[in-house]
Amino acid sequence: MDSSSLLAVVGVLEAEGISVWLDGGWGVDALLGYQTRDHDDLDVVVELNNATRIIELVCSLGYAQVAGAPPESFVMVDPNGLQVDVHPVTWDPEGGGVYEMADGKQWTYPAQGFTGRGSVDGQPVRCLSPEVQVLVHAGYELTRKDYRELYLLRQRFGVEPPQAILGAMLAAARDDVA
């Protein structure tokens with residue numbers, strides 16, 4: 001997913017009054033204000049109430065829904081293989097975003113997570129906050145790119161990753177520099 005395709009997706013949604021928060025690799029890059037690597041996809045967090053309209057709007061850009069369905073996450077792909085992973089949430093009383101997972105469990109993005117702001121190619125975008133970007137990296141097996149993102153968030157924003165992954169993150173970052 002390149003930056004112009006990202007901005008097209010976010011632009012069409014925001015023009016309709018739909019708030020979009022970047023998550024994952026593009027969310028980290030937006031917080032940093034520059035692209036650090038190539039991205040396979042675009043992860044976005046949106047309000048579940050907008051899911052039907054989001055599907056219509058993203059389809060108008062040539063994408064098709066290929067996996068999943070609201071209220072859980074769903075994936076949209078265009079003919080060139082560009083992929084948008086949509087994570088719909090409902091709001092809890094504290095302003096957190098409650099996400100329905102495929103296994104039937106719920107996970108809540110803390111309310112502070114929706115305060116993140118960044119930029120892509122100089123265009124302002126909403127993204128999950130640095131603290132929540134670190135939090136969402138927990139719970140799955142991390143790859144080299146994940147460790148690098150955690151390292152960059154730590155360097156720029158002083159956000160410490162969980163102690164259990166700190167050593168592996170620093171080793172991966174050292175290897176990238178060497």
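Which residues does A111 touch, not counting residues up to four places away in sequence? I looked this up before anything else and found E94, G95 and G96, taking contact to mean heavy atoms within 4.5 Å.

**Ground rules.** I note that this is a predicted model, in which local features need pLDDT of at least 70 and side-chain atom pairs count only at pLDDT 80 or more, while totals for chains, interfaces and linings use all residues. Residues are numbered from 1 along each chain as its sequence is written, and side-chain values use heavy atoms, with hydrogens and water left out.

**A111, continued.** I placed A111 in the loop between β7 and β8, with strands being DSSP runs of E of at least two residues and helices runs of H or I of at least four, numbered from the N terminus. A111 is partly exposed, at a relative accessible area of 33%; I use buried for under 20%, exposed for over 50% and partly exposed for what lies in between, with a 1.4 Å probe and protein chains only. From A111 to G96 I read 4.0 Å between C-alpha atoms, at a sequence distance of 15 residues.

**The whole chain.** I counted 6 helices and 9 strands in the secondary structure. The radius of gyration is 16 Å, close to the 16 Å that the globule rule gives for 178 residues, so the chain is as compact as a globular protein of that length; the radius is taken over C-alpha atoms, and the rule is 2.2 Å times the number of residues to the power 0.38. Along the principal axes, the C-alpha atoms fill a box of roughly 45 × 35 × 25 Å. I find that 45% of the 178 residues are buried, and that, of the contacts with a separation of 6 or more, 48% are between residues 24 or more positions apart. The accessible surface, from the Shrake-Rupley method with a 1.4 Å probe, comes to about 8600 Å², and carbon and sulfur atoms hold 50% of this surface. For charge I noted 11 positive and 26 negative side chains, with the centres of the two sets 7 Å apart; Lys and Arg count as positive and Asp and Glu as negative, without His and the chain ends, and each charge is placed at NZ of Lys, CZ of Arg, CG of Asp or CD of Glu.

**Cores.** I next looked up the nonpolar cores, meaning sets of buried Ala, Val, Leu, Ile, Met, Phe, Trp, Tyr and Cys residues joined through side-chain atoms within 4.5 Å. The largest has 39 residues, and L13, L22 and L42 have the most contacts inside it. Among the elements that each supply at least two residues of this core are α1 (3-15), β2 (41-47), α3 (51-59) and α5 (144-157). A second, separate core has 9 residues, including W21, V89, F114 and V132. For L42 I listed contacts with M1, L6, V9, L22, W26, Q83, V84 and D85, leaving aside neighbours within four places in sequence.

**Two helices.** How many of the 9 residues of helix α2 (residues 24-32) are buried? I found 9 of the 9, so helix α2 is largely enclosed by the rest of the structure. G33, just after α2, takes a positive phi of about 85°. In α3 the buried residues are A51, I54, I55, L57 and V58, and they pack against α1, β2, β3 and β4.

**Y109.** I find Y109 in strand β7 (residues 106-109), where it is buried with a relative accessible area of 4%. Leaving out residues up to four places away in sequence, Y109 touches, among others, D23, V45, H87, V89, F114 and V132. The C-alpha atoms of Y109 and R126 are separated by 14 Å, with their positions 17 residues apart along the chain.

**Backbone entries.** Most residues other than glycine have a negative phi, and most peptide bonds are trans. I therefore wrote down D121, which has a positive phi of about 50° although it is not a glycine. D121 sits in the loop between β8 (117-120) and β9 and is exposed, with a relative accessible area of 56%. I also recorded a cis peptide bond joining P70 and P71, with omega about 15°; P71 is in the loop between β3 (64-68) and β4.

**R148.** My last entry is R148 in helix α5, which is partly exposed at a relative accessible area of 34%. Its C-alpha atom lies 31 Å from that of P70, and the two residues are 78 apart in sequence.
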